[in-house]
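The report below describes a protein model through its sheet, its cores, a helix pair and some backbone features. Please read it alongside the sequence and the coordinates.

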Amino acid sequence: MGGARLSAEARRRRRDEIREFLRSRRARLAPEDVGMAAGGGRRTAGLRREEVAVLAGVGVSWYTWLEQGREINVSAEVLESVSRVLRLDGAEREHLYLLAGLNPPKAAPVEREVPDGLRRLIEEWSPRPAYVIDRHWNLVAVNRAAEVVFGYGAGDHNCLVSFFANARPRSTVRHWRDAARAIVGQFRADAARYPDDPEFGRLAADMCAASPAFAELWAEHHVGSAAQGVKAVLHPSAGELLFEYTTLPLTDLPGHRLMLHTPVQDGTTPSRLAGLLEEPAPFAG
């Protein structure tokens with residue numbers, strides 16, 4: 001169960017946790033919940049071990065050993081069957097995989113609205129820029145500060161496309177070539193995480209046709225990742241603005257990321273940003 005590199009104490013804790021976890025998941029289900037006759041003579045609530053084993057299509061002894069945390073070979077297919085029988089939600093399923101010493105499968109991307117609470121967080125992040133992108137880098141929620149600082153307007157739907165297709169980034173992003181190379185490397189890394197999603201290939205092909213700069217960088221096969229860093233923006237009216245940015249994955253929206261920007265405390269960016277946001281309308285060139 002992937003415990004060879006763990007200390008004896010860590011293996012004991014994992015064994016105790018998987019035992020109690022699976023017992024608790026069995027206890028919350030009644031036989032009738034899984035299409036079985038209720039029957040009588042049950043000393044404890046919930047499903048029995050042998051019932052879970054039969055429904056999951058595994059041997060009773062094997063399931064007992066799993067629940068006891070023994071050192072046995074565990075496959076993802078079997079854990080999927082157990083998760084299905086015990087009706088585990090996404091977080092519980094991931095927890096079971098980790099306890100069994102396997103990497104949890106990647107959650108399927110979702111297509112749903114950004115929750116109201118997250119939208120409020122983004123808006124309340126102002127006067128600092130914040131936005132949410134989906135797995136294809138589509139802008140799905142943008143606060144006014146991001147519109148003002150980065151020039152996102154009504155026609156900007158994808159930050160990758162906007163970076164290469166709009167004139168504003170090329171004229172305002174400091175060290176544009178380095179930033180462009182990093183962005184293309186991040187997009188290539190994201191594409192590799194979703195090998196069955198053809199949208200990444202379509203986007204890359206469209207960008208190669210539309211932007212010689214993107215095509216040149218895409219051909220380099222550079223791969224990168226940047227969870228945090230510094231952005232330098234030369235705004236047409238506010239001058240140079242420096243931001244520290246942090247990228248946060250959204251567990252409730254698989255494939256989505258929250259981008260938060262904080263002004264570098266250099267003595268000029270905070271005051272310039274405050275004055276910029278007092279203007280009546282964002283720049284959207």
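In which strand does L258 lie? L258 lies in strand β5, residues 257-263, where strands (E, at least two residues) and helices (H or I, at least four residues) are DSSP runs numbered from the N terminus. This is a predicted model, in which local features need pLDDT of at least 70 and side-chain atom pairs count only at pLDDT 80 or more, whereas totals for chains, interfaces and linings use all residues. Residues are numbered from 1 along each chain as its sequence is written, and side-chain values use heavy atoms, with hydrogens and water left out.

**The sheet around L258**

L258 is buried, with a relative accessible area of 4%; buried stands for under 20% relative accessible area, exposed for over 50%, and partly exposed for what lies in between, with a 1.4 Å probe and protein chains only. Leaving aside neighbours within four places in sequence, L258 is in contact with L118, L121, I122, Y131, V132, T246, T247, L248 and L250, contact being defined as heavy atoms within 4.5 Å. One of these partners, T246, is 12 residues away from L258 along the chain, and the C-alpha atoms of the two are separated by 8.1 Å. Another, V132, is the residue of β1 whose bridge partner in β5 is L258.

Strands of a sheet pair through backbone hydrogen bonds, either parallel or antiparallel, and two strands are taken as paired here if DSSP finds at least two bridges between them. Strand β1 has two such partners, listed with their bridges in the table.

| Strand pair | Sense | Bridges |
|---|---|---|
| β1 and β5 | antiparallel | 4 bridges |
| β1 and β2 (residues 139-142) | antiparallel | 3 bridges |

In the second pair, Y131 stands opposite V142 of β2, and the two strands form a hairpin with 5 residues between them, where W137 in the turn has a positive phi of about 70 degrees. Both faces of β1 are covered, since A130 and V132 on one side and Y131 and I133 on the other are all buried. The whole arrangement is an open sheet of 5 strands in the order β2-β1-β5-β4-β3, with antiparallel pairing; its edge strands are β2 and β3 (228-235), each of which pairs on one side only. Neighbouring strands are turned against each other by 25 degrees on average, direction ignored, with axes taken as lines fitted to C-alpha atoms (for helices over the stretch in contact) and angles running from 0 to 180 degrees between N-to-C directions. Helix α13 packs on this sheet and touches β3, β4 and β5, its direction making about 90 degrees with that of β4.

**Nonpolar cores**

A nonpolar core is a set of buried Ala, Val, Leu, Ile, Met, Phe, Trp, Tyr and Cys residues joined through side-chain atoms within 4.5 Å. The largest one has 37 residues, of which Y131, L160, F164, F187 and F214 touch the most other members. Among the elements giving two or more residues to this core are β1 (130-133), α8 (159-165), α10 (176-193), β4 (239-249) and α13 (269-276), and α10 gives the most, with 6 residues. Not counting residues up to four places away in sequence, L160 touches W137, I183, F187, M207 and F214. A second, separate core of 25 residues includes L47, V82, Y97 and A100.

**A helix pair**

The axes of α1 (residues 8-27) and α3 (residues 60-68) come within 6 Å and cross at roughly 120 degrees. That makes α1 oblique to α3, given that angles under 35 degrees count as roughly parallel, over 145 as roughly antiparallel, 65 to 115 as roughly perpendicular and the rest as oblique. The contact is made by R15, I18, R19, L22, R23 and R26 of α1 together with Y63, L66, E67 and Q68 of α3.

**Backbone features in loops**

The peptide bond from S126 to P127 is cis, with omega near 15 degrees, and P127 is found in the loop between α6 (116-124) and β1. R87, although not a glycine, has a positive phi of about 55 degrees; R87 is found in the loop between α4 (76-85) and α5 (90-99) and, at 49% relative accessibility, counts as partly exposed. H175 is likewise not a glycine and has a positive phi of about 55 degrees; this residue is found in the loop between α9 (167-172) and α10, and is exposed, with a relative accessible area of 64%.
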